[in-house]
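Here are my notes on the model, set out as numbered points. They start with the cysteines and then turn to the rings and the sheet.

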Amino acid sequence: MCTVTFIPTTSGVLITSNRDEKIQRSVALPPMFYQLNGIGLVYPKDPDAAGTWIAMQDAGQFGVLLNGAFQKHEPAYPYNRSRGLVFLDIVASADMDTAFREIDLGNIEPFTIILFRPGSLTVNRWDGLQKLVQPVPADQPHIWSSATLYDEAMVREREEWFRDWKSLYPNPNVSNILDFHLFGGKSNDFNNIRMNRHGQLLTVSITCIEAGENGAAMHYTDLQNGEKHHAAITYKTVPQLHS
């Protein structure tokens, strides 16, 4: 949940997330279908806290979580709940955007959530004191990097890598974007898209949501045990945009 790309395609969008975690963290469970609050969701599960960092909904909405908001912060434990559980509350809602605006985030560690539904893309940040909702163009590609791991200069450099890669792949498919998340970067293992900091903090998985007109597929690569998993969902309904 530390590097996220968003790419509009001719048939939908690609939303891809690298999860960077400490090696001591338990291996996540692969994506499965869950029913929460009457909403069908597909997501991988963190067995330590039972939350998640990326999810797709049978109502055609999608969300992905990054740690931190605008800049690196000093954790102030204990927090009321994990960010993964807060994220799950938001994505298990009929309207994810409204859920973020209304949820109580008192004593929750800072985070960023990218939310997408057809025609709408928002960057939703909680800095520990206030929420900020930033609409961004849903017809343009984007990359976000966790504020807890990458300083401003490194964020800008990663954006350049993404632009250079996108110029080579103007109409990328799942395989193309997974290659970028595996091999992108010109720096070193410390800051590359797939990162590894002395074997203690590293990219443990890559998840790609391939969203189309009638449904979506989740392509999950577990880098810790070399396994690949796929899950699909058919839209029950696709929400209408607010006027």
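1. The sulfur of Cys 208 has its closest cysteine sulfur in Cys 2, at 17 Å, which is too far for a bond. The cut-off for a disulfide is 2.5 Å between the sulfur atoms. The model is a predicted one, and its disulfide count comes to 0. Seen from the other end, Cys 2 is in no disulfide either, with the sulfur of Cys 208 as the nearest cysteine sulfur.

2. Both of these cysteines are buried. Cys 2 has a relative accessible area of 2%, and Cys 208 has a relative accessible area of 0%.

3. On the aromatic side, the structure holds 10 aromatic pairs. One of them joins Phe 6 and Phe 116 in a tilted arrangement, with 5.3 Å centre to centre and 55° between the planes. Phe 6 belongs to strand E1 (residues 3-8) and Phe 116 to strand E7 (residues 111-117), so this pair ties together parts that are 110 residues apart in sequence. Phe 6 and Phe 116 are buried.

4. Another pair, Phe 100 with Phe 111, is edge-to-face: the centres are 6.3 Å apart and the planes make an angle of 80°. Here the link runs between helix H2 (residues 96-102), which holds Phe 100, and strand E7, which holds Phe 111; the two residues are 11 apart. Phe 100 and Phe 111 are both buried.

5. Ring pairs also build a cluster, whose members are Phe 6, Phe 62, Phe 116 and Tyr 235.

6. Arg 197 deserves its own entry. Its charged end sits over the ring of Phe 190, 4.1 Å from the ring centre. Arg 197 also lies over the face of Tyr 150, at 5.2 Å from the centre of that ring.

7. As for the sheet, 7 strands form an open sheet in the order E3-E4-E5-E6-E7-E8-E9, with antiparallel pairing. The edges are taken by strand E3 (29-36) and strand E9 (131-135); each has a single partner strand, so one side of each is left without a neighbour in the sheet. On average, neighbouring strands are turned by 20° against each other, direction ignored.

8. Within this sheet, strand E5 (residues 54-57) pairs with strand E6 (residues 62-67) in the antiparallel sense over 3 bridges. Ile 54 stands opposite Val 64 of E6.

9. Which helix lies across E3, E5, E6 and E7, among other strands? Helix H1 (residues 83-91) does, and strand E4 (39-45) is also among the strands it lies across. Helix H1 runs at about 160° to E6.

Key. Residues numbered from 1 in each chain as written. Predicted model: local features only at pLDDT ≥ 70, side-chain atom pairs only at ≥ 80, totals over all residues. Heavy atoms only, no water. Phe/Tyr/Trp six-rings, centres within 6.5 Å; stacked < 30°, edge-to-face > 60°. Helix = DSSP H or I, 4+ residues; strand = E, 2+ residues; numbered from the N terminus. Buried < 20%, exposed > 50% of the residue type's maximum accessible area, 1.4 Å probe, protein only. Lys NZ or Arg CZ within 6 Å of the ring centre and 35° of its normal. Pairing = 2+ DSSP bridges. Axes fitted to C-alpha atoms, helices over the stretch in contact; angles between N-to-C directions. Contact = heavy atoms within 4.5 Å.
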